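Please look over the sequence and the model below before reading on. The paragraphs after them explain how some of the parts are arranged.

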Amino acid sequence: MPSLKIIALPATLLYLLFTTIIVLTKGGLTEDNIRQIIRITAASSMLLFSLTFAASSLLHFFCTEYWQALMQARRRLGLSFALSHTVHLLAIIALVEIAYGGDYLQLGDIVGGSIIYLFIFAMAVTSNDTSVTLLGAKNWSKLHKTGSYLIWVGLFGIYLEIALETHALRYWLCAIFGISLLLLRVSAFWDKRINA
Ligand code: HEM
């Protein structure tokens, strides 16, 4: 756990590289394989985002060295999430090129997803102390808070939508997990206010 900060990015890179290679060795760049990579990267993004999103609340409620290490690794985990979701985007581009002949309109409404991507990239490039100084702590915090909640809506909104459509247990579990994360954040927020 103390080295989480050091291993987060390389471990994510290796995970993405190996899973992509494993999927692609089974038949190459087919539509099914690309869709599988999209689902795999959505899952890795969910895990990395959840750790980042819950870190400060977990530290607030359970002030142990483990959660302190998680809090210290938060920026790297956020960057790892951005890396994972960049692969999600590359797989979407490959899907459009291979399955839809380059016609992006076939993806349906991509406005919401594109806005979330702008936030993800803005958050990634400002995940450093220099950006905090340049933007000012208040603006920096606004950008990262708004982005985090939009990502939460994007990720768990999709899982909830699929759960309602397919009734598949794993999608219900993802949606319930997302709601628990939000409850954890809200509880920590009120607890801090009450005890301030
Ligand atoms: C313009 C932007 C985006 C496009 C075009 C897009 C496209 C897709 C497509 C086509 C799938 C279905 C793959 C399949 O199962 O066949 C998918 C799945 C998914 N995407 Fe994206 N996506 C976008 C952005 C995002 C963002 C910003 C998030 C979250 C922050 C996200 C999270 C997910 C999730 C959670 C799934 C479900 C994975 C599963 O079925 O297990 N996507 N996306």
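What follows goes from the core to two helix pairs and then to one loop residue.

The model is a predicted one. A useful place to begin is the largest nonpolar core, which has 31 residues. Within this core, Phe49, Leu77 and Leu155 touch the most other members. At least two core residues come from each of the helices H1 (4-25), H2 (31-61), H4 (74-99), H5 (111-125), H7 (137-166) and H8 (169-194). H2 gives the largest share of the core, with nine residues. As background, nonpolar side chains in soluble globular proteins tend to be buried together.

Leu155 can be followed further. When its neighbours within four places in sequence are left aside, Leu155 is in contact with Ser45, Met46, Phe49 and Gly178. Phe49 thus appears twice here: Phe49 is a contact of Leu155, and Phe49 is also among the three residues that touch the most other core members.

Next come the helix pairs, beginning with H1 and H2. Their axes come within 10 Å and cross at roughly 160°. An angle over 145 degrees counts as roughly antiparallel, and H1 and H2 are therefore roughly antiparallel to each other. The crossing of H1 and H2 is right-handed. On the H1 side, the contact is made by Thr12, Tyr15, Leu16, Thr19, Thr20, Val23 and Leu24. On the H2 side, the residues are Asn33, Gln36, Ile37, Ile40, Ser44 and Leu48. Sorted by class, the contact of H1 with H2 holds seven nonpolar residues, six polar ones and no charged ones.

The second pair is H5 and H7. The axes of H5 and H7 come within 9 Å, and they cross at roughly 140°. That angle makes H5 oblique to H7. The crossing of these two helices, H5 and H7, is left-handed. From H5, Gly113, Ile116, Phe119, Ile120, Ala122 and Met123 take part, meeting Leu143, His144, Gly147, Leu150, Ile151 and Gly154 of H7. The residues of this contact of H5 with H7 comprise eight nonpolar, four polar and no charged.

The last stop is a loop. Where does His167 lie? His167 is in the loop between H7 and H8. Its phi is near 60°, a positive value in a residue other than glycine. Is His167 buried or exposed? A residue counts as exposed if 12 or fewer other C-beta atoms lie within 10 Å of its own. His167 has 9 C-beta neighbours inside 10 Å, so His167 counts as exposed.

Notes: Residues numbered from 1 in each chain as written. Predicted model: local features only at pLDDT ≥ 70, side-chain atom pairs only at ≥ 80, totals over all residues. Core = buried A, V, L, I, M, F, W, Y, C linked by C-beta atoms within 7 Å. Buried ≥ 20, exposed ≤ 12 C-beta atoms within 10 Å, placed from the backbone. Helix = DSSP H or I, 4+ residues; strand = E, 2+ residues; numbered from the N terminus. Contact = placed C-beta atoms within 7 Å. Axes fitted to C-alpha atoms, helices over the stretch in contact; angles between N-to-C directions. Parallel < 35°, antiparallel > 145°, perpendicular 65-115°, else oblique. Left-handed = near helix turned anticlockwise from the far one by under 90°. Nonpolar A, V, L, I, M, F, W, Y, C, P; charged D, E, K, R; others polar.
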